[in-house]
Amino acid sequence: MSNALSTDAVLDDFRHYLEATDFAHLTAQQPEDLTTLFTDLAGLKNEVKSQSRQFKATLDSLEQAVSTLTEDNQALRQALEDVKTQATRHAETIERSVLAEILDFYDRLDEAYQALSHYRPVNRLFRHSKPQDVTFIERLKQGQEITRRRFLEWLQKNHITPIDCLGQPFDANTMRTLAVGHDAKQDHGTVLAVMRSGFRHHDQVLRLAEVKVNKL
């Protein structure tokens, strides 16, 4: 008996729920129109195409910018190399000019040394002179010799070496003829005397040697 009452009570509650509940909002939702859906899809497709074209245009612009930047970098690198080359040549020119002046100073020093080396006092001139005069000249020659030797050591330390000419065949790449001699005992074209020493700086000729060449 109680089970029947319980069933009736549940049914009454369910009936009241159905009566009290408004299901109009469920029936109000209509399925979307296919035309509208296709229209929206077409618009989305066009939007995707437009975005793709813009993206491609952006990529092309970036590629062009990268290409231009690469060309500019290459031009800048070449310009830097040119400036570096010009600076190196300018520095070499200045260096050669300074070294040439140093060699001129060496020439004066060497001439003084050679003059003192070949100096022979005449007895009649020193007949009434003190012995200290001759000693002074000898010491002066020794001082010149020491200075000359140290100068040559400094030149060698800086990779400046004299060109070997005396007794060698004439070489137009390292020598210049200033005088001609006639010695039958020597071969034609042999250097008989060095009038001014020539020098090399590393492997390049810094100054031509001025020589006297034998001519038969």
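**Notebook: hairpin, rings and cores**

I began with the strands: strand 4 (residues 199-201) and strand 5 (residues 204-207) run antiparallel and are joined by three bridges. I note that this is a predicted model. I looked up H201 and found its bridge partner in strand 5 to be Q204. The two strands make a hairpin with two residues between them. In the turn, I read a positive phi of about 60° for H202.

Next I went to the aromatic rings. I counted four aromatic pairs. For Y106 and F151, I noted ring centres 5.7 Å apart and planes at 45°. That angle is neither under 30 degrees nor over 60, so I entered the pair as tilted. I then checked where the two residues sit: Y106 is in helix 3 (residues 34-117) and F151 is in helix 4 (residues 131-157). They are 45 residues apart, and the pair links distant parts of the chain.

Are these two residues buried or exposed? The cut-off for buried is under 20% relative accessible area. Y106 has 4% relative accessibility, so I listed Y106 as buried. F151 has 14%, so F151 is buried as well.

Y106 also pairs with F199, with 5.8 Å from centre to centre and 90° between the planes. I recorded this pair as edge-to-face. It again links distant parts of the chain, with Y106 in helix 3, F199 in strand 4 and the two positions 93 residues apart. I looked up F199 too: its relative accessibility is 1%, so F199 counts as buried. Taking the ring pairs together, I found that they link F105, Y106, F151, W154 and F199 into a cluster.

I then turned to the nonpolar cores. Which residues make up the largest one? I listed ten: L99, L103, Y106, L109, F151, L152, L155, I160, F199 and L206. Helix 3 and helix 4 are the elements that give two or more residues to this core. Helix 3 gives the most, with four residues.

I picked L99 from this core and looked up its contacts. Setting aside neighbours within four places in sequence, L99 is in contact with I160, H201 and L206. H201 is the residue whose bridge partner is Q204, while I160 and L206 are on the core list.

Apart from this core, I found another, of seven residues. Its members include C165, M175, V211 and V213.

Definitions and conventions. Residues numbered from 1 in each chain as written. Predicted model: local features only at pLDDT ≥ 70, side-chain atom pairs only at ≥ 80, totals over all residues. Heavy atoms only, no water. Pairing = 2+ DSSP bridges. Phe/Tyr/Trp six-rings, centres within 6.5 Å; stacked < 30°, edge-to-face > 60°. Buried < 20%, exposed > 50% of the residue type's maximum accessible area, 1.4 Å probe, protein only. Core = buried A, V, L, I, M, F, W, Y, C linked by side-chain atoms within 4.5 Å. Contact = heavy atoms within 4.5 Å.
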